[in-house]
Amino acid sequence: MTPSKEGEINVNFKDKSFCFTGNMADLKRTQAEREVRSRLAATQKVVNASLDYLVIGSIPSVGWKYGDYGNKIEKAVELIKEGSNLKLIPEDEFMLALENTPISGSGELDKKILIIRYSSLVKSGDFDVQALE
């Protein structure tokens, strides 16, 4: 949990969900997602009613100049207007929250998906152990 000043968002990580949009100056998106998970929070790729925080990268896309803020931001604003507790966080406040929240885990995903092409494992009807390497 981060201390909040006037106008800042109090960011809590534990059991919360985060999504990222735009480019970040300080971290790559995968690094930011790992940092979130290491503080016992979840990351997701889409903005929906279950999302707690949308982190907005500090490097804007060209479209922002013309009022096109992208689908994630537009969807988040719509959800907020409908009463969602979703918070929009600028990158600098997100980075401050990371600095002020201790790490509680590795941030690595616990579950991995293994995709196997069965045809590459079987040669002439026999199981090919070397194909697994």
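**Questions on a predicted model**

Visitor: Among contacts in the protein between residues at least 6 apart in sequence, what share joins residues at least 24 apart?

Guide: A contact means heavy atoms within 4.5 Å. Taking contacts between residues at least 6 apart in sequence, the share that joins residues at least 24 apart is 74%.

Visitor: At what pLDDT do side-chain atom pairs count?

Guide: Residues are numbered from 1 along each chain as its sequence is written, and side-chain values use heavy atoms, with hydrogens and water left out. This is a predicted model: totals for chains, interfaces and linings use all residues, local features need pLDDT of at least 70, and side-chain atom pairs count only at pLDDT 80 or more.

Visitor: Which pattern does the protein follow along the sequence?

Guide: Helices (H or I, at least four residues) and strands (E, at least two) are DSSP runs, numbered from the N terminus. The protein has four helices and six strands. Read along the sequence, they give β-α-β-β-α-β-α-α-β-β.

Visitor: In what order do the four strands of the open sheet stand?

Guide: Two strands pair if DSSP finds at least two bridges between them. The pairing in this open sheet is parallel. Its strand order is β2-β1-β3-β4.

Visitor: Which strands have one side left without a neighbour in the sheet?

Guide: A strand with a single partner has one side left without a neighbour in the sheet, so the edge positions are the ones to look for. Those edges are taken by β2 and β4 (87-90).

Visitor: Which residue of β2 does Ser17 stand opposite?

Guide: β1 and β2 run parallel and are joined by two bridges. Opposite Ser17, in β2, stands Ala42.

Visitor: At what angle does α1 run to β1?

Guide: Axes are lines fitted to C-alpha atoms, for helices over the stretch in contact, and angles run from 0 to 180 degrees between N-to-C directions. Helix α1 lies across β1 and β2. Relative to β1, α1 runs at about 165°.

Visitor: How are the rings of Phe13 and Phe94 arranged?

Guide: Rings of Phe, Tyr and Trp (its six-membered ring) pair if their centres lie within 6.5 Å; planes under 30 degrees apart count as stacked, over 60 as edge-to-face and the rest as tilted. The whole structure holds five aromatic pairs. For Phe13 and Phe94 the centres are 6.4 Å apart and the planes 50° apart, which makes the pair tilted.

Visitor: How far apart in sequence are the parts that the pair of Phe13 and Phe94 ties together?

Guide: Both Phe13 and Phe94 are buried (under 20% relative accessible area; exposed is over 50%, partly exposed in between; 1.4 Å probe, protein chains only). Phe13 and Phe94 also belong to one aromatic cluster with Phe18, Phe20 and Tyr53. Phe13 lies in the segment before β1 (17-21) and Phe94 in helix α3 (residues 91-99), so the parts tied together are separated by 81 residues.

Visitor: Which residue forms a salt bridge with Glu33?

Guide: A salt bridge is a side-chain nitrogen of Lys or Arg within 4 Å of a carboxyl oxygen of Asp or Glu, and the whole structure holds three. In this one the closest N and O atoms are 3.0 Å apart, and the pair links helix α1 to the loop between β2 and β3 (53-56), twelve residues apart. Glu33 is buried at 8% relative accessible area, whereas its partner is exposed at 57%. That partner is Lys45.

Visitor: Is Arg39 buried or exposed?

Guide: Arg39 forms a salt bridge with Glu35, with the closest N and O atoms 2.7 Å apart. Glu35 is partly exposed, at 26%. At 7% relative accessibility, Arg39 is buried.

Visitor: What N to O distance goes with the salt bridge of Lys75 and Glu78?

Guide: Lys75 and Glu78 are three residues apart in helix α2 (residues 71-81), which means about one helical turn between them. Lys75 is partly exposed at 32%, and Glu78 is partly exposed at 39%. Their N to O distance is 3.9 Å.

Visitor: What is the phi of Asp15 near?

Guide: Most residues other than glycine have a negative phi. Asp15 lies in the segment before β1 and is exposed, at 64%. Its phi is positive, near 65°.

Visitor: Where is Leu40 placed?

Guide: Leu40 also has a positive phi, near 65°. Leu40 is partly exposed, at 41%. Its place is in the loop between α1 (29-37) and β2 (42-43).
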